[in-house]
Amino acid sequence: MRILITGVAGFVGSNLAARLVTEGHTVIGVDNLSSGVAENVPPRVIFYRTDIRSRRIFQFFEGVEAVFHLAAKNCLFDCLQDPVETAEINVAGTANVLEAARRAGVQKLVYADSSAEYEGVPEFPSKVERIAPLSVYARSKRAGAMFCEAYADFYRLRLTTVRYFNVYGPAQDWRRSIPPLMSAFAMKLLKRERPIIYGTGEKRRDFIYIDDVTEFNVLALQDPRTDGCVYNVGSGVNYSVNDIFLEVEDLLRTGLAPIYRDDLPGEAEITLADIGTALKFGWRPRVGLREGIVKSIAYVREKLLV
Ligand SMILES: NC(=O)c1ccc[n+]([C@@H]2O[C@H](COP(=O)([O-])OP(=O)(O)OC[C@H]3O[C@@H](n4cnc5c(N)ncnc54)[C@H](O)[C@@H]3O)[C@@H](O)[C@H]2O)c1
């Protein structure tokens with residue numbers, strides 16, 4: 001197939017691209033490199049450094065059969081700082097991708113939604129039917145999802161919505177000022193520095209290893225039974241931030257303790273996915289926490305040594 005990925009230089013996009021080119025698909029990648037890095041993009045991907053807000057992207061969709069729309073402004077804190085740019089990228093940018101897809105006659109689109117959709121729902125595990133996005137980020141992802149739904153309803157685009165929980169693993173953006181948890185702990189401890197934990201460390205997160213996410217993305221692309229459906233892509237198990245610190249420290253044995261700082265605004269207390277519907281397809285999370293952390297540490301170690 002000819003498949004276009006927006007956000008191909010990012011974490012989820014680059015892992016997916018690597019898998020799809022290995023399977024023999026032609027992969028076209030679009031990314032403005034605002035947070036992604038060119039070195040993430042696998043060599044066989046036809047890569048365009050461009051912004052999803054630009055009409056210039058329309059030409060890249062010619063002959064494309066399926067789209068993974070992953071590009072987004074996705075750091076909660078950054079979105080809170082700049083709601084207008086968040087809307088421009090996550091809402092208007094999504095509409096622009098959808099319009100490019102419609103004009104090119106693309107049949108299928110997979111939209112990367114987020115567990116942030118459940119921020120205001122106090123029941124766990126989170127079921128796809130009940131959402132309450134609160135943060136600027138979450139609301140922008142909801143608005144993007146609604147545009148996808150409109151294109152599915154009015155232009156017969158086959159749409160699958162995947163709500164990722166806390167994805168971790170190689171190619172995760174460890175360079176950010178506040179890197180995602182696994183990378184942050186690994187990076188600091190490998191440098192023999194004390195990691196920072198925001199809040200008490202008792203917030204619980206549903207972590208899912210990147211290969212399991214890639215596997216579900218491929219399934220969403222290939223199985224027509226996923227058309228018109230929404231899936232939680234998590235592990236169905238959650239761990240506290242302190243648990244994760246202890247796991248990483250147990251592997252690295254530095255003897256260092258974390259530094260506790262004030263909570264970051266807008267972070268949910270708990271995430272936990274109900275993955276019942278995803279399991280029906282024979283998919284299941286295969287990489288356990290310990291194995292995933294070992295692989296994540298290996299990746300960060302390799303990057304730090306470069
Ligand atoms: N990683 C997670 O845990 C997680 C959880 C829930 C949802 N998601 C969603 O999954 C998707 C991928 O996330 P990720 O972790 O790979 O993020 P990422 O930041 O690693 O990748 C996003 C990519 O989009 C690109 N991008 C941003 N704005 C752009 C623009 N205007 N034009 C073109 N490219 C642009 C960035 O440069 C980056 O390479 C996002 O939509 C995110 O909201 C991710």
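# A tour from the whole chain to the ligand and three buried side chains

For the 306 residues of this chain, a compact globule would have a radius of gyration near 19 Å, and the chain agrees with that expectation because its own value is 19 Å. Keep in mind throughout that the model is predicted.

**Start with the whole chain.** With the C-alpha trace displayed and oriented along its principal axes, the atoms fill a box of roughly 55 × 45 × 40 Å. Switching to a cartoon brings up nine helices and 13 strands. If you then colour by burial, buried residues account for 53% of the 306 in the chain, while a surface representation corresponds to about 13,700 Å² of accessible area, 52% of which belongs to carbon and sulfur atoms. Contacts drawn between residues at least 6 apart in sequence are joined, in 78% of cases, by residues at least 24 apart.

**Select the ligand next, together with its shell.** The shell comprises 30 residues, and the closest are Asp-31, Leu-70, Asn-74, Tyr-137 and Lys-141. Coloured by type, these shell residues divide into 14 nonpolar, 10 polar and six charged. Four elements each supply at least two of the shell residues, namely α1 (11-22), β5 (108-114), α4 (136-155) and β7 (166-168), and the largest share, three residues, comes from β5.

**Zoom in on the oxygen atoms of the ligand.** Show the side chain of Asp-31, where a polar atom lies 2.6 Å from a ligand oxygen. Then add the backbone of two further residues: a backbone N or O atom of Ser-35 lies 3.0 Å from an oxygen atom of the ligand, and a backbone N or O atom of Gly-36 lies 2.9 Å from an oxygen atom of the ligand. The protein as a whole covers 94% of the 830 Å² of accessible area that the ligand has on its own.

**Move to Glu-117.** This residue sits in the loop between β5 and α4, and it counts as buried because its relative accessible area is 1%, under the 20% cut-off. Displaying side chains here reveals a polar contact between Glu-117 and Arg-142 at 2.9 Å. Apart from neighbours within four places in sequence, Glu-117 is also in contact with residues including Ile-131, Pro-133, Ala-145 and Arg-163. Lys-141, which is among the residues closest to the ligand, is another of the contacts of Glu-117.

**Continue to Asn-232.** Select strand β11 (residues 229-233) and pick out Asn-232 within it; with a relative accessible area of 1%, Asn-232 is buried. Its side chain makes a polar contact with the side chain of Tyr-118 at 2.6 Å, and the side chain of Asn-232 also reaches the backbone oxygen of Asp-274 at 3.1 Å. A distance drawn between the C-alpha atoms of Asn-232 and Ala-273 reads 6.1 Å, although the two are 41 residues apart along the chain. Beyond the residues up to four places away in sequence, Asn-232 touches several others, among them Ser-126, Val-128, Phe-165, Ile-275 and Ala-278. Arg-163 is also touched by Asn-232, and Arg-163 is likewise in contact with Glu-117.

**Finish at Gln-172.** Follow the chain into the loop between β7 and α5 (181-190), where Gln-172 lies. Gln-172 counts as buried because its relative accessibility is 7%. With residues up to four places away in sequence set aside, Gln-172 touches Phe-11, Val-167, Pro-180, Met-182, Ser-183 and Tyr-299.

Terms used:
Residues are numbered from 1 along each chain as its sequence is written. This is a predicted model: local features need pLDDT of at least 70, side-chain atom pairs count only at pLDDT 80 or more; totals for chains, interfaces and linings use all residues. Side-chain values use heavy atoms; hydrogens and water are left out. A residue is near a molecule or strand if one of its heavy atoms lies within 4 Å of it. A polar contact is a pair of N or O atoms within 3.5 Å; within protein, one must be able to donate a hydrogen and the other to accept it, and residues adjacent in sequence count only if both atoms are side-chain atoms. Accessible areas come from the Shrake-Rupley method with a 1.4 Å probe; for residues, only the protein chains shown count as cover. Ala, Val, Leu, Ile, Met, Phe, Trp, Tyr, Cys and Pro count as nonpolar, Asp, Glu, Lys and Arg as charged, and the others, Gly among them, as polar. The radius of gyration is taken over C-alpha atoms; the globule rule is 2.2 Å times the number of residues to the power 0.38. Buried means under 20% relative accessible area, exposed over 50%, partly exposed in between (1.4 Å probe, protein chains only). Contact means heavy atoms within 4.5 Å.
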